[in-house]
Amino acid sequence: MANDLWVERQISALLSTGINSIDAQQSVTWVHRRAPVGVGAAEWIPAADDVSMPIDEAVLHDARVLWFAEKPAKVKRLLDSRGIDG
Amino acid sequence: MADDEELELAPAQPEEKERDELLVGYIWSKRRKRFVSVRTGKPISEAELQRLFKRHIADAEDKMSAIATAFHEGRISPAVFVERMATEQRRHTVQSVVMAKGGFDEMDAALLIALALLLRETNQRIVGTAHDVLDGKVSLPQLLNRVEGYVGEGRKSFFQHWKETVAGAVLTGQDTVVIARRLLHPFAKHCKDCPYYHSLGWGLLENTVMPGFACQCGGHCRCRIIERIIPRNELEQWVGTFRQ
């Protein structure tokens with residue numbers, strides 16, 4: 001129950017900053033699952049290696065989806081431009 | 001010299017004008033180093049691209065500042081702060097570099113590796129900041145200043161890759177060069193380096209120092225760059241001047 005309350009408070013706090021609900025849930029769930037045993041999600045400070053990752057297709061897809069979701073209609077498809085030699 | 005030559009595509013009909021704004025598709029001209037609307041054949045001007053980028057950076061800074069404020073106020077845990085900041089930093093930096101390179105199709109493996117290393121360095125700084133906040137060493141204004149610096153790393157990445165990309169721009173059938181000059185933000189504080197770079201006026205893009213590099217502002221630099229493609233035989237008329 002205490003864990004559920006912590007998770008709920010973290011998600012609510014993120015939502016209040018303007019983060020969307022999917023991202024808020026994802027962040028808090030990640031912390032809750034990755035916090036080392038004996039440290040606790042509320043006290044744990046990850047190392048840089050914990051939050052760093054290769055820039056792979058999944059990362060590019062994430063960036064593409066967010067661009068499409070957040071940018072004005074006129075430029076939503078800008079970064080999906082096909083390159084031509086002309 | 002006009003550098004807005006159009007590709008030969010069907011022009012938009014008046015009744016389609018509203019649809020033009022909605023989900024317009026683009027191509028990336030590898031020759032001109034410009035995004036071009038498929039519907040109208042017109043390139044996006046550099047001024048428009050830089051306005052879009054300025055908005056992009058401002059939005060990232062707003063989002064990350066709100067997260068940082070929530071952390072400083074104790075509403076989110078340090079791990080949630082670090083994870084969220086790292087994610088947003090990764091997203092806006094990747095998007096910035098993709099804008100500079102001309103789209104996702106222009107990203108190559110070497111660039112992705114370099115980006116990952118850069119982001120890891122920024123993540124180390126974010127983790128350090130989390131420790132500093134918990135130790136009471138950082139006020140909220142100081143924290144927000146650090147956030148501005150992190151976002152500025154993404155801004156620097158844009159200008160670094162934009163310079164490499166645009167320096168290769170050419171106009172068909174003409175011997176041209178790309179020139180650039182630095183503009184100071186009208187309301188920002190400047191270090192001693194930025195006014196000097198501004199005072200140099202127009203010069204070859206390849207020789208122009210990009211905002212945030214070789215200046216004390218670093219990631220906080222608010223300068224921007226304007227560029228032109230001109231005939232090579234006109235170069236002497238531009239270098240060192242402030243011509244419009």
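Is Asp80(A) buried or partly exposed? Keep that residue in mind, as the tour reaches it at the third stop.

**Before you start**

You are looking at a predicted model, in which local features need pLDDT of at least 70, side-chain atom pairs count only at pLDDT 80 or more, and totals for chains, interfaces and linings use all residues. Residues are numbered from 1 along each chain as its sequence is written, chains are lettered from A and ligands numbered from 1 in the order in which they are written, and side-chain values use heavy atoms, with hydrogens and water left out.

**Stop 1: where the two chains meet**

Colour by chain and select the contact, defined by heavy atoms within 4.5 Å. Chain B brings 56 residues to this contact and chain A brings 52 residues. The size of an interface is often given as the accessible area lost when the parts come together. Here the buried area (the accessible area, with a 1.4 Å probe, that two parts lose on being put together, summed over both) is about 4700 Å², and carbon and sulfur atoms give 64% of that. Now show Tyr26(B), Arg91(B) and Phe104(B) as sticks: in chain B these lose the most area to chain A, together 15% of what that side buries.

**Stop 2: a salt bridge across the chains**

Stay with Arg91(B) and add Asp23(A). Their side chains form a salt bridge, with N and O 2.8 Å apart; the term means a side-chain nitrogen of Lys or Arg within 4 Å of a carboxyl oxygen of Asp or Glu. Arg91(B) sits in helix α3 of chain B and Asp23(A) in helix α2 of chain A, so this pair joins two chains. Helices (H or I, at least four residues) and strands (E, at least two) are DSSP runs, numbered from the N terminus.

Are the two partners buried or exposed? Arg91(B) is buried at 7% relative accessibility, and Asp23(A) is buried at 8%. For these labels, buried means under 20% relative accessible area, exposed over 50%, and partly exposed in between (1.4 Å probe, protein chains only).

How many salt bridges are there between chain B and chain A? The count is six, while the whole structure has 24 over all chains.

**Stop 3: two more pairs**

Select Arg64(A) and Asp80(A), whose side chains meet in a salt bridge of 2.6 Å, N to O. This pair links distant parts of the chain, with Arg64(A) in helix α4 of chain A and Asp80(A) in the loop between α4 and β1 (82–84), 16 residues apart. Here is the answer to the opening question: Asp80(A) is partly exposed, at 38% relative accessibility. Arg64(A) is partly exposed too, with a relative accessible area of 29%.

Next, pick Lys63(B) and Glu88(B), a salt bridge at 3.6 Å, N to O. Lys63(B) lies in helix α2 of chain B and Glu88(B) in helix α3 of chain B, so the pair ties together parts that are 25 residues apart in sequence. Glu88(B) is buried, at 5% relative accessible area.

To see the wider network, select Asp23(A), Asp62(A), Glu70(A), Lys63(B), Glu83(B), Arg84(B), Glu88(B) and Arg91(B), which are joined by salt bridges that share partners.

**Stop 4: the second largest pocket**

This pocket has a volume of about 360 Å³. A pocket here is an open set of points on a 1 Å grid over the protein atoms alone, where a 1.4 Å probe fits, with protein on both sides within 12 Å along at least five of seven lines; lining residues have an atom within 4 Å of a point. The volume is the space filled by probe spheres set on the points, which are joined across faces, edges and corners.

Of its 19 lining residues, Gln26(A), Asp62(A), Glu83(B), Thr87(B) and Arg90(B) are the closest to the centre. At least two lining residues come from each of α2 (21–34), α3 (48–51) and α4 (57–70) of chain A and α3 (78–101) of chain B.

**Stop 5: Ser157(B)**

Move to helix α5 (residues 140–166) of chain B and select Ser157(B). Ser157(B) is buried, with a relative accessible area of 3%. Leaving out residues up to four places away in sequence, Ser157(B) touches Thr93(B), Val97(B) and Leu118(B).

**Stop 6: two backbone angles**

Most residues other than glycine have a negative phi, and most peptide bonds are trans. Lys33(B), in the loop between β1 (26–29) and β2 of chain B, has a positive phi near 60 degrees. Lys33(B) is buried, at 18%. End at Ala214(B), in the loop between β4 (203–204) and β5 (224–231) of chain B, where phi is positive and near 50 degrees. Ala214(B) is exposed, at 58% relative accessibility.
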